[in-house]
Structure formats: C-alpha cells, structure tokens
Amino acid sequence: MRILSDPDVFLDDELFETLIAFMAMVIEGRHLWDVDPLSAERAADYFGRHAPTRAQAYRQLTEKSVTAGVYRSRGQDNRPTITATAARAMVADLLRPALVILENQESDGLLLRAVFRAFGRVDLIDALERGWLLFRHAGGGGAMFRKTAMEAAREYVEVVRLCGVLDSDRRVPSARTSQHDHAGEISAHGIAIHVLEFREAENYIPPAALSRVMDGGHHSVVAAAVARLTSDQRGVFDMKAGFFDSRKKRIIIRDEQLPLFGTLSAADLQELGRGFGPKVMNCLSGPPPLGIADFADLGPDVQPELERLLAMIDEVL
C-alpha cells in the first residue's frame, strides 16, 4: 500500500516505536512510503536523535525515494496519511494482513493464484506466502458474503485493507443480479467489491487449463462441447452443474437462456448436461503455468477485467 505522512508525525517523541515499526515495513517492501521533502527532512532529524545507529539507513531510504521521484503531491486519491493522532492505529492496521473475501476460498483462491502467476505478479504471490495477503472464506454469496465482509472490516481501525470478489450468478450476459445489489451495499461502506462479469469463477478457466481434463472420459466430452460454445455462451454456462435441473431431475434450458442456448444441437446439450461437477477448478492447480494469453482466449474483455481486479487488490495490499 502507498502511504503518505504528515511531516508533524516526526515531531512527536512518543511515537518512536510506532515509527520504527512503520520504517521496518517500508524497508522490507511491505508498503511504499511516498515521502514528501519536509517529511524526509524531519525524519532524518528524528531518527538521528532517537536511533543514531539506524539513522543513515533511514536517511538513504528517504533520499532515494525523493530523488527517484516516488513522491507524488497530495491529490484526490486513496493513499492514507499517517498523522500524529492516528499513527498507532494506522501502523497497527498496516501490520495486519490485507484480506480478499471470497465466496469459496478453495476454488476462488485457485483462480486468483492462477491469475497472479499468469500476469507475472510475483509480489502478490510473495505476499500470500508471507502472510501479508490472505483469502477469507465467506461460505457463499449474498447475505453471507456481506456479513463476512462487514465483520472483517471491523478488524481495522483507520485503514480498512479489505476487498472482495463476488460471482455475478448471471444466466445471460450483462444481466444485473442480486449479487450486484449486495456488492453495492458493501461498497457503500468503503469496501471495494469486484463482481465478476462472467457467471462464476469457474467460467474463467482458460481453454488451455480445461484441456487438462481431456482424459477420454465424461469430462473430456464436456470439455470438447464447451470448446464449441461462443464467448457469450461460455461466460454464463454453469460449468459445475451444466443444464441439469435438480428439482425437475432432468436436463433443460431455462426460458431466459433459450435465446442464447436454444440453438444447441441435441448432442451438445446432452454432453453439456451435467457439467464438470464441483471440483472443476482443480485443473488450475497443476502445471504447466498459464499465461495472460490463455485468459485472453476467453474473450476480448477478460484481460482488462482481470487487470482491474488486480488493481483493486493492489489498493488494499
């Protein structure tokens, strides 16, 4: 997370331990300090008096940041500013892991890890491994997801380092669902939520990964049928359950999906009928690693969407 500082924070001798903890996070690369010139000057004097053995290292850090042009003047952005009155609570929040709320930590987490690797985000993978970034399981969408997000937000005091990823549950492209309403309610509390454009996380499995289930059995048949779908169809197809209606106990296309899927051949409908089952995400966990191009194969809007999702996580990390 990019952090600003009020230069006056370096006039308070009682904040020494807090500021040392902050500097330690900056040195190890956990957070970025956008150092303004006056903060750099006062910090050099502060640590020269209170931590003379470390003062030179801190001075080099601040000077490097200023001369490299890292500092950006205060504007209308979301960078938190460490002030003397809130410093202790803010640094405590910065020491906590950033959280990404997921409907299903296991399956959705597999997707995010695959995206991190594909987009070359070694920093995010490292943050997960070091415990600086955590995925939290909500156990479902809707009200359960909202409750989990709101409870997690109360773990922070000054800097709410929390975001979420929510399935859209769309059955047709661009439809607004109750998930968007839940996301709006959460966002009203200052928590960023990304609602997937496709139906669920499973719809973002790239063709290259889905080919891993081409084992000659049932999954192989379903994968071949999915490959014949258009981008719009693939984005809202129920990858886990297919077209099987658990209440009517038969394969059926819902009325709202008839314009999109009504032209499927009887053979394709039968092959897609029961989907891949609940463990289809596991195909993302094995080698070889996926690349950006693999996700771009899902449609022209997928790469930009995933870049927005990564940017959202960057904001809280």
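Which loop, between which strand and which helix, does Arg254 lie in? Arg254 lies in the loop between strand S9 (250–251) and helix H12 (258–261). Keep that spot in mind, as one of the views below returns to it. One thing to know before we start: this is a predicted model.

**Figure 1. The whole protein: 15 helices and 9 strands.** Before zooming in, take a look at the overall picture. The C-alpha atoms fill a box of roughly 80 × 40 × 30 Å, taken along the principal axes. Of the 317 residues of the protein, 48% count as buried. The protein also holds 20 salt bridges, and a few of them get their own views further down.

**Figure 2. Strand S4, a strand whose residues are buried.** Here we focus on residues 98–102, which make up S4. Why can we say that S4 is largely enclosed by the rest of the structure? Because 5 of its 5 residues are buried. Try following the side chains along the strand: Ala98, Val100 and Leu102 point one way, while Leu99 and Ile101 point the other way. Whichever way they point, all of these residues are buried.

**Figure 3. The partners of S4: strands S5 and S6.** Strands of a sheet pair through backbone hydrogen bonds, and they can do so in a parallel or an antiparallel way. Which is it for S4 and S5, parallel or antiparallel? S4 and S5 (residues 133–137) run parallel, joined by 5 bridges. As a landmark for this pair, find Leu102, which stands opposite His137 in S5. S4 also pairs with S6 (residues 162–166), again in the parallel sense, with 4 bridges joining them. The landmark here is Val100, which stands opposite Cys163 in S6.

**Figure 4. An open sheet in the order S2-S1-S3.** This view moves to another sheet, made of 3 strands with parallel pairing. Strand S2 (32–33) and strand S3 (81–82) stand at the edges with a single partner strand each, so one side of each has no neighbour in the sheet. Now look at S1 (residues 2–5) beside S3: this pair is parallel and has 2 bridges. To line the two strands up by eye, look for Leu4, which stands opposite Thr81 in S3.

**Figure 5. A positive surface patch and its member Arg254.** Back to the residue from the opening question. Which residues form the positive patch? They are Arg247, Lys248, Arg250 and Arg254. Arg254 has a relative accessibility of 34%, so it counts as partly exposed.

**Figure 6. Glu185 and Arg146, a salt bridge between two helices.** Side chains of opposite charge can pair when their charged atoms come close. In this pair, the closest N and O atoms are 3.3 Å apart. The salt bridge links distant parts of the chain: Glu185 belongs to helix H8 (residues 178–187) and Arg146 to helix H7 (residues 142–153), 39 residues apart. Both ends are partly exposed, with a relative accessible area of 40% for Glu185 and 25% for Arg146.

**Figure 7. Glu151 and Lys147, a salt bridge within helix H7.** This time both partners sit in one helix. The closest N and O atoms of Glu151 and Lys147 are 2.6 Å apart. Why are the two residues separated by about one helical turn? Because they are 4 residues apart in H7. Glu151 counts as partly exposed at 37% relative accessibility, whereas Lys147 counts as exposed at 53%.

**Figure 8. More salt bridges: a pair and a network.** Asp126 forms a salt bridge with Arg130, with 3.6 Å between the closest N and O atoms. Asp126 is partly exposed, with a relative accessible area of 28%, and Arg130 is partly exposed too, at 42%. Elsewhere, salt bridges link Arg2, Asp34 and Arg79 in a network.

**Figure 9. Val226, a buried residue in helix H10.** To finish, find Val226 in H10, which covers residues 218–227. Is Val226 buried or exposed? With 1% relative accessibility, Val226 counts as buried. Pro207 is 19 residues away from Val226 in sequence, and their C-alpha atoms are 8.9 Å apart in space.

Notes. Residues numbered from 1 in each chain as written. Predicted model: local features only at pLDDT ≥ 70, side-chain atom pairs only at ≥ 80, totals over all residues. Heavy atoms only, no water. Buried < 20%, exposed > 50% of the residue type's maximum accessible area, 1.4 Å probe, protein only. Pairing = 2+ DSSP bridges. Patch = residues over 30% accessible without salt bridge, like charges linked within 9 Å, V, L, I, M, F, W, Y side chains within 5 Å. Areas by Shrake-Rupley, 256 points an atom, 1.4 Å probe, with all protein chains shown as cover. Salt bridge = Lys/Arg side-chain N within 4 Å of Asp/Glu carboxyl O. Lys, Arg positive; Asp, Glu negative; His and termini not counted. Charge placed at Lys NZ, Arg CZ, Asp CG, Glu CD.
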